[in-house]
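Colleague: I'm new to this one, so can you walk me through it and tell me how you back up each label?

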Amino acid sequence: MRSQTGDLIEKRAHAVKAKYDEILPKNDERITESVRSSVEMFSSIFTKAPAVIAVLAEPYTAIIDKVLSQTSHSHSDINKLRNYPDIQTMGAAIGNLLLAATDLGYGACWQTGAMVAKEELSKLIGIKEPFSLIAFVAVGKPIVK
Ligand SMILES: Cc1cc2nc3c(=O)[nH]c(=O)nc-3n(C[C@H](O)[C@H](O)[C@H](O)COP(=O)(O)O)c2cc1C
């Protein structure tokens, strides 16, 4: 776990905000100011945490991958056939992370809202192949126990 420095927090927050500015339609009455500010708040909670865990994944390979990849099936075909074990694994890992943090007396929050800027965030953090950024888990001391 690397503690957050001001400059990196600013850059990450900026990348997320810029992405939402890009993807949220400008002239759509359903996207009110209150929707816009909720989305922004929800996706930037990590900037207020004393520490953020960047959860990374590397491609999940089971025996069946080795067998079927010699046929016409791609890794993503096999993953789909098996009902996305890669995603299920990540959910389990993050769930355990939250439980462990809570057990140690911390508060933790799963953050996928910021992942709209996954590409930019990955560059800022320095994530390289074969790893990919899955989520942030913001960690801090809870105000209420
Ligand atoms: C897959 C997933 C992604 C989440 N992403 C965010 C997020 O981007 N920002 C946020 O503030 N909370 C996020 N949360 C946390 C939820 O907002 C909420 O705090 C958590 O699910 C517990 O709420 P509950 O007790 O009502 O279930 C996420 C939760 C899950 C399971």
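Colleague: Which residues are around the ligand, and what makes them count as near?

Modeller: This is a predicted model, to begin with. A residue counts if its C-beta atom, placed from the backbone, lies within 6 Å of the ligand. The residues around the ligand on that basis are F42, S43, I45, C109, W110, Q111, T112 and G113. Two elements give two or more residues each to that shell: α2 (33-43) and β2 (107-111). The largest share, 3 residues, comes from β2.

Colleague: How does the shell around the ligand divide by class?

Modeller: There are 4 nonpolar and 4 polar residues, and no charged ones. Gly counts as polar and Trp as nonpolar in this scheme.

Colleague: Now the helices. Why are α1 and α6 called roughly antiparallel?

Modeller: Helix α1 (residues 6-23) and helix α6 (residues 118-125) pack at an angle of about 165°. The label applies to angles over 145 degrees, so α1 and α6 are roughly antiparallel to each other. Their axes are 9 Å apart, and α1 passes α6 in a right-handed crossing.

Colleague: Which residues meet there, and how do you know that they are in contact?

Modeller: The test is C-beta atoms within 7 Å. L8, K11, R12 and A15 in α1 meet E120, L121 and L124 in α6. By class, the residues of this contact are 4 nonpolar, no polar and 3 charged.

Colleague: On to the sheet. What is the order of its strands, and why do some of them stand at the edges?

Modeller: It's an open sheet of 3 strands in the order β1-β3-β2, with antiparallel pairing. β1 (51-57) and β2 each have a single partner strand, so one side of each is left without a neighbour in the sheet, and that puts them at the edges. From one strand to the next, the twist averages 25°.

Colleague: What makes β2 and β3 a pair?

Modeller: A pair needs at least two bridges. Here 5 bridges join β2 to strand β3 (residues 132-140), so the pairing holds, and the two run antiparallel. For one of the residues in β2, G107, the bridge partner in β3 is G140.

Colleague: Which helix lies across the strands?

Modeller: That's α5 (residues 85-103), which lies across β1, β2 and β3 and runs at about 15° to β3. Angles under 35 degrees count as roughly parallel, so α5 is roughly parallel to β3.

Colleague: And how many helices and strands does the chain have?

Modeller: It has 6 helices and 3 strands, and along the sequence they follow α-α-β-α-α-α-β-α-β.

Definitions and conventions
Residues are numbered from 1 along each chain as its sequence is written. This is a predicted model: local features need pLDDT of at least 70, side-chain atom pairs count only at pLDDT 80 or more; totals for chains, interfaces and linings use all residues. Helices (H or I, at least four residues) and strands (E, at least two) are DSSP runs, numbered from the N terminus. Axes are lines fitted to C-alpha atoms, for helices over the stretch in contact, and angles run from 0 to 180 degrees between N-to-C directions. Angles under 35 degrees count as roughly parallel, over 145 as roughly antiparallel, 65 to 115 as roughly perpendicular and the rest as oblique. A crossing is left-handed if the near helix is turned anticlockwise from the far one by less than a right angle, and right-handed if clockwise. Two residues are in contact if their C-beta atoms, placed from the backbone, lie within 7 Å.
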